[in-house]
Amino acid sequence: MAGLLAERLRADADRSRRWECEPDAVWTGRNEPERLQLVLIHPDLRADRDGRPWLQLGVTLDAGDGDPAAEADRLAAHLASGDRQELAEGGGRSAHYSEGYP
């Protein structure tokens, strides 16, 4: 399921532009396989390498027990319809970022 969701998110350039983020990682917990953890990087994955400011954002998603492809589609649609500031929590950040959330 995590791999399918990652594929959907990477293919959705519209959401990446709107959220000003790129997906970095998606995984399920060993003890909570119904919960997916998603990590996004703002503004993009190249920022750290290029010496630009970056912010790591985390999103926790509850996956259903239905068809994995259908669940990945549902979760991707949920993310596409939301606002990153409502869905994501700040995590790691470059030294360039203050405590403020962009």
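Arg17 and Asp14 are three residues apart in helix α2 (residues 13–19), which puts about one helical turn between them. Their side chains meet in a salt bridge, 3.0 Å from N to O. The model is predicted: local features need pLDDT of at least 70, side-chain atom pairs count only at pLDDT 80 or more, and totals for chains, interfaces and linings use all residues. Residues are numbered from 1 along each chain as its sequence is written, and side-chain values use heavy atoms, with hydrogens and water left out.

**Salt bridges**

- The structure holds nine salt bridges, a salt bridge being a side-chain nitrogen of Lys or Arg within 4 Å of a carboxyl oxygen of Asp or Glu.
- In the α2 pair, Arg17 is exposed at 58% relative accessible area, while Asp14 is partly exposed at 49%; buried means under 20%, exposed over 50% and partly exposed in between, with a 1.4 Å probe and protein chains only.
- Asp73 forms a salt bridge with Arg8, and their closest N and O atoms are 2.5 Å apart.
- Because Asp73 lies in helix α3 (residues 68–81) and Arg8 in helix α1 (residues 2–11), this pair ties together parts that are 65 residues apart in sequence.
- Asp73 has a relative accessible area of 40% and is partly exposed; Arg8 also counts as partly exposed, at 23%.
- The side chains of Arg46 and Glu22 meet in a salt bridge with an N to O distance of 3.4 Å.
- Arg46 sits in the loop between β2 and β3 and Glu22 in strand β1, so the pair ties together parts that are 24 residues apart in sequence.
- Arg46 is partly exposed, with 37% relative accessibility.
- Glu22, Asp44, Arg46, Arg49, Asp50 and Arg52 are joined into one network by salt bridges that share partners.

**Strands**

- Helices (H or I, at least four residues) and strands (E, at least two) are DSSP runs, numbered from the N terminus.
- Strand β1 (residues 22–28) and β2 run antiparallel and are joined by six bridges; two strands pair if DSSP finds at least two bridges between them.
- The connection from β1 to β2 is a hairpin of six residues.
- β2 and strand β3 (residues 55–62) also run antiparallel, with eight bridges joining them.
- Leu40 of β2 stands opposite Pro23, and its bridge partner in β3 is Leu57.
- Six of the eight residues of β2 (residues 35–42) are buried, so the strand is mostly covered.

**Nonpolar core**

- The largest nonpolar core has 20 residues, of which Leu5 and Leu36 touch the most other members.
- Such a core is a set of buried Ala, Val, Leu, Ile, Met, Phe, Trp, Tyr and Cys residues joined through side-chain atoms within 4.5 Å.
- Two or more residues of this core come from each of α1, β2, β3 and α3.
- Leu5 touches Val26, Leu36, Leu61, Ala72, Leu75 and Ala76, not counting residues up to four places away in sequence; contact means heavy atoms within 4.5 Å.
- In soluble globular proteins, nonpolar side chains tend to be buried together.

**Met1**

- Met1 is placed in the segment before α1 and is partly exposed, with a relative accessible area of 27%.
- Leaving aside residues up to four places away in sequence, Met1 touches Leu36, Ala63, Gly64, Pro68, Glu71, Ala72 and Leu75.
- Met1 and Asp65 are 64 residues apart along the chain, and their C-alpha atoms are separated by 10 Å.
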